[in-house]
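User: Please take a close look at a single part of this model and set out how it is built. I should like one connected account, with the surroundings brought in where they help.

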Amino acid sequence: MDLGKTTRGAVLGGILVLFTLVLDASGDFVFPVHHKFKGQRSLSALKSHDARRHGRILASAGSGSTSAVDLEIGGNGHPTDTGLYFAKLGIGAPSTDYFVQVDTGSDILWVNCIDCTNCPKKSDIGVKLTLYDPKSSSTSQLVTCDQEFCTSKYSGQLPGCRPTLLCEYDVTYGDGSATAGYFVKDNIEFDERTNGSMVFGCGAKQSGQLGKSSEALDGILGFGQANSSVISQLAASGKVRKQFAHCLDNVNGGGIFAIGEVVEPKVKNTTPLVPRQAHYNVAMEAIEVGGDVVQLPTDVFDTGDKEGTIIDSGTTLAYLPEEVYQPVMSKIFASQPDLKLHTVDEQFKCFQYSKSVDDGFPVVKFHFKNSASMTVYPHDYLFQLKDDIWCSGWQSSGMKSGSGDSMTLLGDLVLSNKLVIYDLENQEIGWIDYNCSSSIKVRDEKSGGIETIGAHNLSSASTLTIGRLLKFLLLISSVLLQISSLY
């Protein structure tokens with residue numbers, strides 16, 4: 001992914017991940033994935049997490065004789081639950097466990113390293129953090145700036161490069177948080193059956209929120225489009241097709257994540273990916289609220305750098321340009337003219353409502369190129385804090401700037417309870433409403449058979465601290481007090 005900076009914190013996600021991958025002979029692996037924010041968290045923490053993701057832009061990139069891959073996932077994408085999914089990887093020899101976020105909006109794997117400055121030592125989300133030490137692994141190798149991996153990543157040799165200098169990375173996010181380090185190559189173990197050698201980032205310095213314990217993980221594992229991403233490296237190895245799918249279950253938790261060609265269910269609702277874009281950019285053409293098309297500026301959904309619509313499972317909420325956000329919100333709440341809205345944490349529109357939100361609020365439908373449409377139900381875009389207290393998950397990504405920056409970002413808020421298919425071979429993405437607690441069928445081209453891949457629901461850590469629970473109870477009390485003042 002391209003490491004160009006952006007000045008807006010609510011625009012676009014992406015974290016650096018680079019690695020070359022060699023799988024063992026089996027070609028299959030199970031990838032345990034848990035959810036990041038186990039238990040409740042503050043609304044402002046949720047929004048700031050998304051803001052950090054929206055400060056980077058990716059840069060992009062074969063197919064082969066392949067097998068299907070089943071990645072076990074767990075957790076829940078609901079805003080009041082965990083919000084993100086993460087996996088446990090074994091790295092090095094002897095293998096040590098690391099917890100990394102699984103993310104379609106980023107392109108490299110990086111983990112915090114032993115020599116890191118300001119890396120978190122503990123996590124409030126209930127996982128044990130571990131700092132990677134290349135010297136403790138018998139299979140680790142440093143990556144220097146003159147090696148092919150580095151010259152390919154940076155489109156040529158870095159200025160002043162000498163054979164003894166490490167290949168470094170430096171990423172700054174929209175909220176000012178940053179990570180920096182160098183690349184190493186080591187053995188990665190996905191499960192007891194599959195391992196491979198990868199180049200990945202070794203985090204040497206974190207700043208801003210990346211150094212905080214409240215949302216800490218060991219790193220990030222990307223499924224973006226770039227040549228350096230998981231899916232691209234797997235495809236380049238000839239072990240998988242450049243296709244994958246996820247079905248995120250925010251009702252029961254967990255869901256499905258599979259690499260390979262999905263043959264059942266058939267997904268016919270597809271739209272092309274915008275060419276030469278780093279993220280999973282698609283061309284939105286219209287928005288309906290309650291069956292009425294929202295009247296919007298003609299250029300609001302233009303596609304290109306720092307504008308357009310992005311599908312990103314690593315973001316919890318959904319972000320609309322201000323000129324889209326305001327009319328959409330107005331139409332949604334026009335059906336409840338007597339409803340009293342209150343702003344919580346200076347950004348969430350919350351209210352008291354005791355009836356069924358699906359009966360009282362309109363369906364929102366996004367229309368995309370090639371007549372594809374995505375339906376978002378009230379129980380998707382409204383989340384319940386407690387009893388009859390509800391908040392809207394729609395957020396503003398800001399006004400369109402003079403440089404044309406205007407981003408629509410569709411995260412788990414709208415992607416949950418849908419089977420979403422990413423077909424990078426044919427450069428299209430598709431989706432279908434689906435029971436994510438069931439199963440799908442994926443073609444195993446290595447054997448010629450069809451493999452059934454079921455849902456997984458791995459719980460994240462069971463050691464939710466009393467402090468986090470009290471923090472959530474205080475949040476609920478605050479919301480109740482603020483809303484009660486309106487009546």
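Analyst: The account below begins with the whole chain, turns to one strand and its partners, and then moves to other parts of the chain.

The model is a predicted one. Its protein chain has 487 residues, of which 59% count as buried. The secondary structure comprises 8 helices and 33 strands. About 18,200 Å² of the chain is accessible surface, and carbon and sulfur atoms contribute 49% of that area.

The part chosen for the close look is strand E5, which covers residues 85–91. Because 6 of its 7 residues are buried, E5 is largely enclosed by the rest of the structure. Two strands can be named as its partners. With E6, residues 96–103, E5 runs antiparallel and is joined by 6 bridges. Within this pairing, Leu89 of E5 has Tyr98 of E6 as its bridge partner. With strand E10, residues 178–189, E5 is again antiparallel, here through 2 bridges. In that pairing Gly90 stands opposite Glu189 of E10. In a regular strand, side chains alternate between the two faces of the sheet.

The connection from E5 to E6 deserves separate attention. The two strands form a hairpin with 4 residues between them, and in this hairpin Gly92 adopts a positive phi near 90 degrees. The loop between E5 and E6 also contains Pro94. The peptide bond between Ala93 and Pro94 is cis, with omega at about 0 degrees.

A second cis peptide bond occurs elsewhere in the chain, between Glu264 and Pro265, where omega is about 5 degrees. Pro265 is placed in the loop that links strand E15 (261–264) to strand E16 (270–272).

A further hairpin-like connection can be followed in another sheet. This open sheet has 4 strands in the order E22-E23-E27-E26, with antiparallel pairing. Its edge strands, each paired on one side only, are E22 (342–344) and E26 (382–386). On average, neighbouring strands of the sheet are turned by 40 degrees against each other, direction ignored. The antiparallel strands E26 and E27 (residues 389–392) are joined by 4 bridges, and Leu382 stands opposite Ser392 of E27.

Asp387 lies in the loop between E26 and E27. Although Asp387 is a residue other than glycine, its phi is positive, near 45 degrees. With a relative accessibility of 54%, Asp387 counts as exposed. Ser371 is likewise not a glycine and has a positive phi, of about 65 degrees. Its place is the loop between strand E24 (364–368) and strand E25 (372–376). Ser371 is exposed too, at a relative accessible area of 70%.

The last site is Tyr154, in the loop between helix H2 (148–153) and strand E9 (168–172). Tyr154 has a relative accessibility of 24%, so this residue counts as partly exposed. A polar atom of the Tyr154 side chain lies 2.6 Å from the backbone oxygen of Glu168. Tyr154 and Tyr169 are 15 residues apart along the chain, and their C-alpha atoms are separated by 9.9 Å.

To return to the part examined, E5 is a largely enclosed strand, joined antiparallel to E6 by 6 bridges and to E10 by 2.

Definitions and conventions. Residues numbered from 1 in each chain as written. Predicted model: local features only at pLDDT ≥ 70, side-chain atom pairs only at ≥ 80, totals over all residues. Heavy atoms only, no water. Pairing = 2+ DSSP bridges. Axes fitted to C-alpha atoms, helices over the stretch in contact; angles between N-to-C directions. Buried < 20%, exposed > 50% of the residue type's maximum accessible area, 1.4 Å probe, protein only. Areas by Shrake-Rupley, 256 points an atom, 1.4 Å probe, with all protein chains shown as cover. Polar contact = N/O pair within 3.5 Å; in protein donor to acceptor, adjacent residues only side chain to side chain.
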